[in-house]
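The following exercises concern a structure that is to be examined alongside its sequence. Each task is followed by a solution in steps.

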There are 2 protein chains.
Amino acid sequence: MKWSETGGMSCSVARTASVIGDRWTILILRNAFLRIRRFEDFQSNLGITRHLLAGRLKRLVEEGILERVSYQDAPPRFEYRLTLKGRALYPIVVAMTAWGDAWMDGGKGAPLLLQHKSCGKVVTPQLSCPECGEAIEPQQMSALPGPGLMLADAVGRKPRRKKA
Amino acid sequence: MKWSETGGMSCSVARTASVIGDRWTILILRNAFLRIRRFEDFQSNLGITRHLLAGRLKRLVEEGILERVSYQDAPPRFEYRLTLKGRALYPIVVAMTAWGDAWMDGGKGAPLLLQHKSCGKVVTPQLSCPECGEAIEPQQMSALPGPGLMLADAVGRKPRRKKA
DNA sequence: AATGTAGGTTCTGTTTGGGAACTTAGTCAA
DNA sequence: TTGACTAAGTTCCCAAACAGAACCTACATT
């Protein structure tokens with residue numbers, strides 16, 4: 001079964017993972033948010049093979065997450081910039097940063113700190129409820145079927161014993 | 001070069017991606033947050049091969065993200081539960097859900113809606129600044145070197161022309 | 001003329017993933 | 001008391017993806 005055919009595809013996490021769900025892609029995007037834009041810079045910064053980098057960038061452009069913009073004509077040169085769709089991935093990158101800082105830091109502390117320009121404070125952005133403003137805890141959230149749900153994907157235990 | 005040896009490893013995103021940065025792992029975790037706990041249930045829900053699932057669960061247990069708990073002695077049976085470290089991944093899963101809903105929904109709307117129990121509203125959780133409460137925009141954040149930064153990993157353009 | 005730079009492509013093994021069958025240990029129903 | 005079923009894996013073989021390195025093209029610099 002190909003990954004793109006899994007039942008999970010009616011799940012938004014699966015659709016997101018189908019685009020950015022590999023190790024290199026997420027690192028390319030992290031660097032894009034740090035204003036890296038050129039092939040050589042991605043390559044030397046990440047240590048990814050040129051072949052894979054070319055493929056990943058192509059895929060991200062096809063998906064509308066990066067755009068390939070000419071910055072020089074002779075010889076032709078291009079850079080890769082985040083689109084609006086690409087910039088919308090920021091919360092994912094920030095959430096991964098925060099988790100890595102909190103749980104995988106090896107005791108050295110965060111390699112990068114984030115400063116919120118509007119208030120000037122160094123912060124760890126957190127998820128909150130846009131209605132009541134409270135910080136989100138997993139236990140406080142319940143999942144409801146939405147308009148895009150396909151029945152085959154309903155999640156939960158199948159009845160046990162007595163015919164499927 | 002092995003992925004674990006890349007310069008990116010001093011980056012928290014890279015450390016996070018080294019653990020959850022593949023398509024199946026993130027889907028396993030998404031299902032874990034939807035209260036799926038057993039081998040058979042992960043397998044049939046995701047369509048992942050049993051072989052890969054066994055490997056991914058083992059890895060997640062080793063990393064302290066899931067724990068393997070016996071729920072029956074004869075025959076021995078186990079289930080996989082999120083640890084504290086695992087539950088801390090929730091913002092990543094939610095951020096991926098939100099992005100998939102917004103940008104990859106194929107016009108059908110979200111398959112799952114989230115309700116915030118404390119206020120009762122159906123919401124899309126958003127990243128906000130814990131100091132001033134404003135919603136986070138990428139343009140509003142600037143990255144500063146932190147205590148865990150290694151010099152070799154500094155991000156940005158190398159000087160061009162005239163000796164590296 | 002030689003060297004450097006940017007952005008790739010090609011080649012060759014190795015690693016990982018997919019699909020399906022098999023195993024183990026116990027339970028249930030006829 | 002045989003036969004089917006369940007849960008949680010493991011084993012096998014083949015296909016796809018990846019790593020490492022060299023190569024290519026077009027222009028610019030010294």
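Helices (H or I, at least four residues) and strands (E, at least two) are taken as DSSP runs, numbered from the N terminus. The model is predicted, and local features need pLDDT of at least 70, side-chain atom pairs count only at pLDDT 80 or more, while totals for chains, interfaces and linings use all residues. Residues are numbered from 1 along each chain as its sequence is written, and chains are lettered from A and ligands numbered from 1 in the order in which they are written.

**Exercise 1. Backbone features in loops**

Locate R35(B) and describe its phi and its exposure.

Step 1. R35(B) lies in the loop between α2 (23–33) and α3 (39–46) of chain B.

Step 2. Its phi is positive, about 70 degrees, although R35(B) is not a glycine.

Step 3. A residue is buried if 20 or more other C-beta atoms, placed from the backbone, lie within 10 Å of its own, exposed if 12 or fewer, and partly exposed in between. R35(B) is partly exposed because 13 other C-beta atoms lie within 10 Å.

Step 4. In chain A, R35(A) has a phi near 70 degrees and is placed in the loop between α2 (23–33) and α3 (39–46).

Step 5. A further loop holds a cis peptide bond: the bond from A74(B) to P75(B) has omega near -5 degrees, and P75(B) is in the loop between β1 and β2 of chain B. In chain A, the bond from A74(A) to P75(A) is likewise cis, with omega near -5 degrees.

**Exercise 2. The relation between the chains**

Determine which operation superposes chain A on chain B.

Step 1. Superposition is by least squares on the C-alpha atoms of residues with pLDDT of at least 70 in both copies.

Step 2. A rotation of 180 degrees with 0.0 Å of shift along its axis brings chain A onto chain B, with an RMSD of 0.0 Å.

Step 3. The two copies are therefore related as by a two-fold rotation axis.

**Exercise 3. The interface**

How many residues of chain A are in contact with chain B, and which helix of chain A gives the most to that side?

Step 1. Two residues are in contact if their C-beta atoms, placed from the backbone, lie within 7 Å. By this criterion, 88 residues of chain A are in contact with 88 residues of chain B.

Step 2. Helix α6 (residues 90–103) of chain A gives the most to the side that touches chain B, with 13 residues.

Step 3. Ala, Val, Leu, Ile, Met, Phe, Trp, Tyr, Cys and Pro count as nonpolar, Asp, Glu, Lys and Arg as charged, and the others, Gly among them, as polar. The residues on this side of chain A divide into 47 nonpolar, 25 polar and 16 charged.

Step 4. The copies meet through the same surface, because 100% of the interface residues of chain A are also interface residues in chain B.

**Exercise 4. Strands across the chains**

Identify the strand pairs that join chain A to chain B, beginning with β5 of each chain.

Step 1. Two strands pair if DSSP finds at least two bridges between them.

Step 2. Three bridges join β5 (residues 126–128) of chain A to β5 (residues 126–128) of chain B, and these strands run antiparallel. Here Q126(A) has S128(B) as its bridge partner.

Step 3. An open sheet of three strands has the order β6(A)-β3(B)-β4(B), with antiparallel pairing. Its edge strands are β6 (141–145) of chain A and β4 (122–123) of chain B, each pairing on one side only.

Step 4. Five bridges join β6(A) to β3 (residues 112–116) of chain B; P145(A) has L112(B) as its bridge partner.

Step 5. Another open sheet of three strands follows the order β4(A)-β3(A)-β6(B). In it, H116(A) stands opposite M141(B).

**Exercise 5. The core and a buried tryptophan**

Is W99(B) buried or exposed, and what does it touch?

Step 1. W99(B) is placed in helix α6 (residues 90–103) of chain B.

Step 2. W99(B) is buried because 22 other C-beta atoms lie within 10 Å.

Step 3. Leaving aside neighbours within four places in sequence, W99(B) is in contact with T16(A), A88(A), L89(A) and I92(A).

Step 4. A nonpolar core is a set of buried Ala, Val, Leu, Ile, Met, Phe, Trp, Tyr and Cys residues joined through C-beta atoms within 7 Å. The largest such core has 70 residues, and those with the most contacts inside it are I92(A), V93(A), I92(B) and V93(B).
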